[in-house]
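This report follows a few helices and the loops beside them, going from a single turn outward to a packing contact.

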Amino acid sequence: MNNKEYNTAVDNFSDAVFRFIKSNIHDSDKAKDIVQDSYEKLWRNHQNVDFEKVKSYLFTTAYHTMIDMIRKEKRNVIWDDKMAKNIAHHQQYSDLQEILHNAINLLPEDQRAVILLRDYEGYSYKEIADITKLSEAQVKVYIYRARVFLKEHIGSIEAVA
């Protein structure tokens, strides 16, 4: 990949990578840092990355950087019953998109990542498997479990209205 292709990759994919990361961690500053780190890694490895595969490379790099950050932060957080109770869904909403986002936030990180890559970014099962380093079968299982959870959490449309 040359300089022009690198700049094209920045123009074409930085917003999508940022949205994907931000929808997983809900912190704009951390998401920006992860995107920046991903592009820095791409630049350091630009001679070995084919321009046709740069989008996949960026999403994979950003995903793994995000997972590393989450694992590091989890070691520093102490969970107790009060925090678990605060996560529970007790409010009544009229905005379906807000309900969906809140429900997605309750998913385990692996399920949230694959459901966002599939339903928000439009990746195929194989591409998601390549990005997340999971098997294609495991990707399908995580997507199925996430959708079942979302359906149960949200309930019927009548209950939401």
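Helix α6 is followed by Gly122, whose phi is positive, near 80°. The model is a predicted one, and the geometry of α6 itself can be checked against what is expected of a helix: at 1.5 Å a residue, the 12 residues of α6 (residues 109–120) should span 16 Å, and because its end C-alpha atoms are 15 Å apart, the two values agree. In α6, the buried residues are Glu109, Gln111, Arg112, Ala113, Val114, Ile115, Leu116 and Leu117. The cover over these buried residues of α6 includes α1, α3, α5 (96–105), α7 and α8.

**Positive phi outside glycine**

Positive phi values also occur in residues other than glycine, namely at His26, where phi is near 60°, and at Lys133, where phi is likewise near 60°. The table gives the loop and the relative accessible area for each of these residues.

| Residue | Phi | Loop | Relative accessible area |
|---|---|---|---|
| His26 | near 60° | between α1 (3–25) and α2 (28–44) | 43% |
| Lys133 | near 60° | between α7 (125–132) and α8 (136–154) | 60% |

His26 counts as partly exposed because its relative accessible area is 43%, whereas Lys133 counts as exposed because its relative accessible area is 60%, and exposed means over 50%.

**The contact of α3 with α7**

How do the axes of α3 and α7 cross, and within what distance do they come? The two axes come within 8 Å and cross at roughly 50°. An angle under 35 degrees would count as roughly parallel and one of 65 to 115 as roughly perpendicular, so α3 and α7 are oblique to each other. By class, the contact of α3 with α7 has 3 nonpolar, 4 polar and 1 charged residues. On the α3 side, Ser56, Phe59, Thr60, Tyr63 and His64 take part, and they meet Asp130, Ile131 and Thr132 in α7.

**Thr60 within this contact**

Thr60 lies in helix α3, which covers residues 54–74. Is Thr60 buried or exposed? With a relative accessible area of 12%, Thr60 is buried, because buried means under 20%. When its neighbours within four places in sequence are left aside, Thr60 is in contact with Asp130, Ile131 and Lys133. Of these partners, Asp130 and Ile131 are among the α7 residues that meet α3, while Lys133 is found in the loop between α7 and α8. The buried Thr60 is thus in contact with a residue that is itself exposed, with a relative accessible area of 60%.

Technical notes:
Residues are numbered from 1 along each chain as its sequence is written. This is a predicted model: local features need pLDDT of at least 70, side-chain atom pairs count only at pLDDT 80 or more; totals for chains, interfaces and linings use all residues. Side-chain values use heavy atoms; hydrogens and water are left out. Helices (H or I, at least four residues) and strands (E, at least two) are DSSP runs, numbered from the N terminus. Buried means under 20% relative accessible area, exposed over 50%, partly exposed in between (1.4 Å probe, protein chains only). Contact means heavy atoms within 4.5 Å. The expected span of a helix is 1.5 Å times one less than its number of residues. Axes are lines fitted to C-alpha atoms, for helices over the stretch in contact, and angles run from 0 to 180 degrees between N-to-C directions. Angles under 35 degrees count as roughly parallel, over 145 as roughly antiparallel, 65 to 115 as roughly perpendicular and the rest as oblique. Ala, Val, Leu, Ile, Met, Phe, Trp, Tyr, Cys and Pro count as nonpolar, Asp, Glu, Lys and Arg as charged, and the others, Gly among them, as polar.
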